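Colleague: I should like to learn how to read a helical model, beginning with a single residue and ending with the whole chain. May we look at the structure together?

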Amino acid sequence: MKRPNPIQWLGYSCGRVLPEDLHEWVRNDLTGTWAVPRHIVRQLVPLVPVFALAFLLPGELWLKLAVILLGLLLALFYIVAYMPMNRAHRLVKHGFPEDLENPARAARRAAERAAYEAQYPH
């Protein structure tokens, strides 16, 4: 599977659409096994310059670090809270259905459903 170069990945993390030949990578990025941690990292990357600017604030180092920590916690709250909407938006931007899910998870859910139907027929 072809991966984006660092410049493409930075653009992707800021919301840009990747070229067609990278859409399989995008599908795996948004629905793969490690999609949640990748989403958190991807959403934090554009905030690094904002956190770096906190070092320009007047005050002692501990205060600057406290400001960064507070900003990081707030960012994490919103990143996790809006993860499903952000994921659906990225999927649609890249030409996928917004409810696309992990193939392994979908297969496991279908197998569980079939086992349930076999055990408790209508």
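Modeller: Certainly; please keep in mind that this is a predicted model. Let us begin with His-23, which is found in helix α2, spanning residues 23-31.

Colleague: Is His-23 buried or exposed?

Modeller: The call rests on relative accessible area, and buried means under 20%. His-23 has a value of 11%, so His-23 is buried.

Colleague: Which residues does His-23 touch, and what does its side chain reach?

Modeller: Leaving aside residues up to four places away in sequence, His-23 touches Val-17, Leu-18, His-94 and Phe-96. With Leu-18 there is also a polar contact to consider: the side chain of His-23 reaches the backbone oxygen of Leu-18 at 3.1 Å.

Colleague: How should I read the end of a helix? Which residue caps the N-terminal end of α1?

Modeller: One looks for a side chain that meets a backbone nitrogen at the helix end. Here the cap is Asn-5, with a side-chain oxygen 3.0 Å from the backbone nitrogen of Ile-7. Beyond the other end, α1 is followed by Gly-15, whose phi is positive, near 110°.

Colleague: Which residues of α1 are buried, and what covers them?

Modeller: In α1, residues 6-13, the buried residues are Gly-11, Tyr-12 and Ser-13. Their cover includes α2, α3 (35-44) and α6 (83-93).

Colleague: Why do residues three or four places apart in a helix point the same way?

Modeller: An α-helix has 3.6 residues a turn, so residues with that spacing point the same way. With this idea in mind, consider the surface: Leu-74, Phe-77, Tyr-78, Tyr-82 and Met-85 make a nonpolar patch of about 570 Å². Helix α5 (residues 61-81) gives the largest share of the patch, 3 residues.

Colleague: Where does Met-85 lie, and how far is it exposed?

Modeller: Met-85 is placed in helix α6. Its relative accessible area is 48%, and it is therefore partly exposed, since exposed requires over 50%.

Colleague: How many helices and strands are there in the protein chain, and how spread out is the chain?

Modeller: The protein chain has 7 helices and 0 strands. Its radius of gyration is 19 Å, well over the 14 Å that the globule rule gives for 122 residues, so the chain is more spread out than a compact globule. Along the principal axes, the C-alpha atoms fill a box of roughly 70 × 35 × 20 Å. Of the 122 residues, 26% count as buried.

Terms used:
Residues numbered from 1 in each chain as written. Predicted model: local features only at pLDDT ≥ 70, side-chain atom pairs only at ≥ 80, totals over all residues. Heavy atoms only, no water. Helix = DSSP H or I, 4+ residues; strand = E, 2+ residues; numbered from the N terminus. Buried < 20%, exposed > 50% of the residue type's maximum accessible area, 1.4 Å probe, protein only. Polar contact = N/O pair within 3.5 Å; in protein donor to acceptor, adjacent residues only side chain to side chain. Contact = heavy atoms within 4.5 Å. Patch = residues over 30% accessible without salt bridge, like charges linked within 9 Å, V, L, I, M, F, W, Y side chains within 5 Å. Areas by Shrake-Rupley, 256 points an atom, 1.4 Å probe, with all protein chains shown as cover. Salt bridge = Lys/Arg side-chain N within 4 Å of Asp/Glu carboxyl O. Rg over C-alpha atoms; globule rule 2.2 N^0.38 Å.
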